[in-house]
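The exercises below are meant to be worked with the sequence and the structure side by side. Each task is followed by a solution that goes step by step.

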Amino acid sequence: MSALDRRELLRLLAAVVATPAWLEACGGGPDPAAVRATLAPGQPRWDRYRAVGERVLDERVVETRPRALARALAETLSWEPGTTVEAASERLLAAVRTEFAEGNVVAAAGWQLARTEARVLALLAAEPAARA
Amino acid sequence: MLVDAGGIEKGAVLEADVAVVGGGAAGIALARELGAGGRSVLLVESGGLEYEEEAQLLYAGEARGTVLGERSFYLTASRLRYFGGSTNHWNGWCRPLDAEDFAEHPWREESGWPIALEDLAPYYDRAAPVLGISPFDYDPAEAGVYPHLLRRDPAFETVFFHLSAPLRFGQAYRAELEAAEAVRVLLHANVVALRADEEAARVLRLECARLDGTRFDVRARAYVLAAGGLENARLLLVSDDVQSAGLGNGRDLVGRHFMDHPSVALGEIALPYWRKMMSTYQEGLVRQRGHAVRGVLKIASDLQESERLLNSLLVLEPLRPAELPELAAEVAWLATDHAQLVKESPDPEAGSFYFGSLQMSSEQLPHAESRVTLGEERDALGVRRLVLDWRLADEDRDSILRTALWLVRRLGARSLGRVRLTVDEETLWRSTRWSNHHMGTTRMAAGPDRGVVDADCRVHGVANLWVAGSSVFPTCGSSNPTFTIVALALRLAERLAAALDGGRA
């Protein structure tokens, strides 16, 4: 993985979780279809993230309904019409770090995850549009 | 010289300046020092030069407790009763106690030693060669392993154990003690009781026995119990002909406050793989001046104080691919911010991950009800056997879990990795084992109301009786005890020599 891959992945995650449900919840944002087009279907990395998200959903450690997840994320990331993918990914990184620092963590299969990180992964696994 | 008690006649009386009971790390270190200073020493050892089942079974008794359940084998499996003592099976990990281990903490009962780390520091320096390790001035930069995990973090630091070969004291010092004019090592000689004067203010003799029942006495100006953290208390408790609760036990403190280091399998850790950094935490990969050292993560003293946490060390062991936990690879990708690592190191080996098990060795609080007492059963020599009840409390459990969460928090906040915890409040003690470190049963305190021995390791109220070994630890910190046992023995040798010179023994 190159030095900036994680940021790139987070950027893509931030964009792709801006699925129709999210966009509807917050009234706009980047076009998820366009962002998803930058990902190769079935990319192993993507599947890895979704596998964790499915476990998060199974264990119900965060909200499980896509709309509730999207709302919570939109609030945490201050997502509003016009928010760029880059800005969202920076906020996501910052939120994850802050939550860890504050001890705001949840567990999936025992793995300790920041709450926002878990929500992103859960939404990724839950939102049918993201599986396209 | 080495003498086998088999040649001693019934009723014989052996004499020396100092009688030391127990030929383990403390006893041998002490005997060498005193002998080198010209004191005549009788080192009274129950076993022979090799393991013998009959002698070992003198250790048998009952053991139970929070983690032990009903596992009486702890008493015979966690120590060895022959020349060299438990150094015959120790793993060689050496590290001093930390400054905070000696300090009083207002939020903790029974904290604080009557001495400070500075008082012991010169003896740690002298203990290092006795244990076959390099001086404790390890510089990570010298070994090329710096920087390390969580560098400059306020919550955790990397500290280093020095790894002894491990040195087997019986083998290493046998020839020296055989040749020593002032030291007689008396093998196969079991102390069955200490006999004191009518006021229980002075020990008059050691009542000794061979396994065939032959009895004889050892008389000395000064006596030192160096028989281990369980047996030191047992010997005081069974010496009850003058003080009914046991010699030196006027305050009912002998045998209480027993501690071991709970060793907890916390779970696993996923980190970016970085060869130099992770080799710091692997046994045998880092050396200094030919001696092996090994890094572990230690919770910072400031955080201990502010969060009311006990001292603890975190040990990382690499996992083989077949042992990887579920989702490990997935979480590893998620966890790591290589960009941050690039900033912190010129040499990240990006693209792969380190997966390891995460083990915690924690301090435990000294609980008065965690104790050894005497059972009704007697051993082959007619001495009452021990009953150990090793207890841990909610405070110990909470500290372990909160410390683990602090590691989760700090790694996550710095995008350095993720942790999988396989324990919680319900399951923690089931994932916990013991470390075979027997501490606290004759604790050190300035006054007799809080401890059995004083700052010089002399039993309160008994002018010519001292105790060596980890039974004197009033708190246990998180470091393995042998290094401190030897340092304290070297310090005791000086104090004892001064007492003999000054007529205070």
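Helices, of type H or I with at least four residues, and strands, of type E with at least two, are DSSP runs numbered from the N terminus. The model is a predicted one.

**Exercise 1. Describe the overall build of chain B: how many helices and strands does chain B have, and what share of the residues of chain B counts as buried?**

Solution. Begin with the secondary structure, where chain B has 14 helices and 20 strands. Next take the dimensions: along the principal axes, the C-alpha atoms of chain B fill a box of roughly 75 × 45 × 40 Å. The radius of gyration of chain B is 24 Å, which agrees with the value near 23 Å that a compact globule of 505 residues would have. Then turn to burial and contacts: 64% of the 505 residues of chain B count as buried, and among contacts between residues at least 6 apart in sequence, 75% join residues at least 24 apart. Finally, consider the surface and the charges. Chain B exposes about 18000 Å², of which carbon and sulfur atoms supply 46%. The chain carries 54 positive and 71 negative side chains, and the centres of these two sets lie 1 Å apart.

**Exercise 2. Find the salt-bridge partner of B:Glu110 and decide where in chain B the two residues of the pair lie.**

Solution. The general principle is that side chains of opposite charge can pair when their charged atoms come close. The cut-off needed here is a side-chain nitrogen of Lys or Arg within 4 Å of a carboxyl oxygen of Asp or Glu. The partner is B:Arg443, whose side chain meets that of B:Glu110 with an N to O distance of 3.1 Å. This pair links distant parts of the chain, for B:Glu110 is in the loop between helix H4 (99–102) and helix H5 (117–131), while B:Arg443 is in the loop between strand E19 (432–433) and strand E20 (465–467), 333 residues apart. As to accessibility, B:Glu110 is partly exposed at 27%, whereas B:Arg443 is buried, with a relative accessible area of 1%.

**Exercise 3. Set out the accessibility of each partner in the salt bridges B:Glu62 to B:Arg64 and B:Asp212 to B:Arg210, and then look for a salt-bridge network.**

Solution. In the pair of B:Glu62 and B:Arg64, the N to O distance is 3.7 Å. B:Glu62 counts as partly exposed at 41% relative accessibility, and B:Arg64 is also partly exposed, at 31%. In the pair of B:Asp212 and B:Arg210, the closest N and O atoms are 2.8 Å apart. Here B:Asp212 is exposed, with a relative accessible area of 53%, but B:Arg210 is buried at 12%. Beyond these pairs, a network of salt bridges links B:Arg195, B:Arg205, B:Glu207, B:Arg215, B:Asp217 and B:Asp241. Over all chains the count comes to 40 salt bridges.

**Exercise 4. Locate the unusual backbone geometry at B:Pro166, B:Arg308 and B:Cys457.**

Solution. As background, most residues other than glycine have a negative phi, and most peptide bonds are trans. The bond joining B:Ala165 and B:Pro166 is cis, with omega about 10°, and B:Pro166 is placed in the loop between strand E6 (156–163) and helix H7 (169–179) of chain B. B:Arg308, although not a glycine, has a positive phi of about 55°. B:Arg308 is found in the loop between helix H10 (301–307) and strand E14 (312–318) of chain B, and is exposed, at 52% relative accessible area. Phi of B:Cys457 is likewise positive, near 75°. B:Cys457 lies in the loop between E19 and E20 of chain B, and counts as buried at 2% relative accessibility.

**Exercise 5. Is A:Thr116 buried or exposed, and which residues is A:Thr116 in contact with, leaving aside neighbours within four places in sequence?**

Solution. First place the residue, which lies in helix H7 (residues 115–126) of chain A. The cut-off for buried is under 20% relative accessible area; A:Thr116, at 0%, is buried. Once neighbours within four places in sequence are left aside, A:Thr116 is in contact with A:Leu73, A:Thr76, A:Leu77, A:Leu92, A:Ala95 and A:Glu99.

Definitions and conventions: Residues numbered from 1 in each chain as written. Chains lettered and ligands numbered in written order. Predicted model: local features only at pLDDT ≥ 70, side-chain atom pairs only at ≥ 80, totals over all residues. Heavy atoms only, no water. Buried < 20%, exposed > 50% of the residue type's maximum accessible area, 1.4 Å probe, protein only. Rg over C-alpha atoms; globule rule 2.2 N^0.38 Å. Contact = heavy atoms within 4.5 Å. Areas by Shrake-Rupley, 256 points an atom, 1.4 Å probe, with all protein chains shown as cover. Lys, Arg positive; Asp, Glu negative; His and termini not counted. Charge placed at Lys NZ, Arg CZ, Asp CG, Glu CD.
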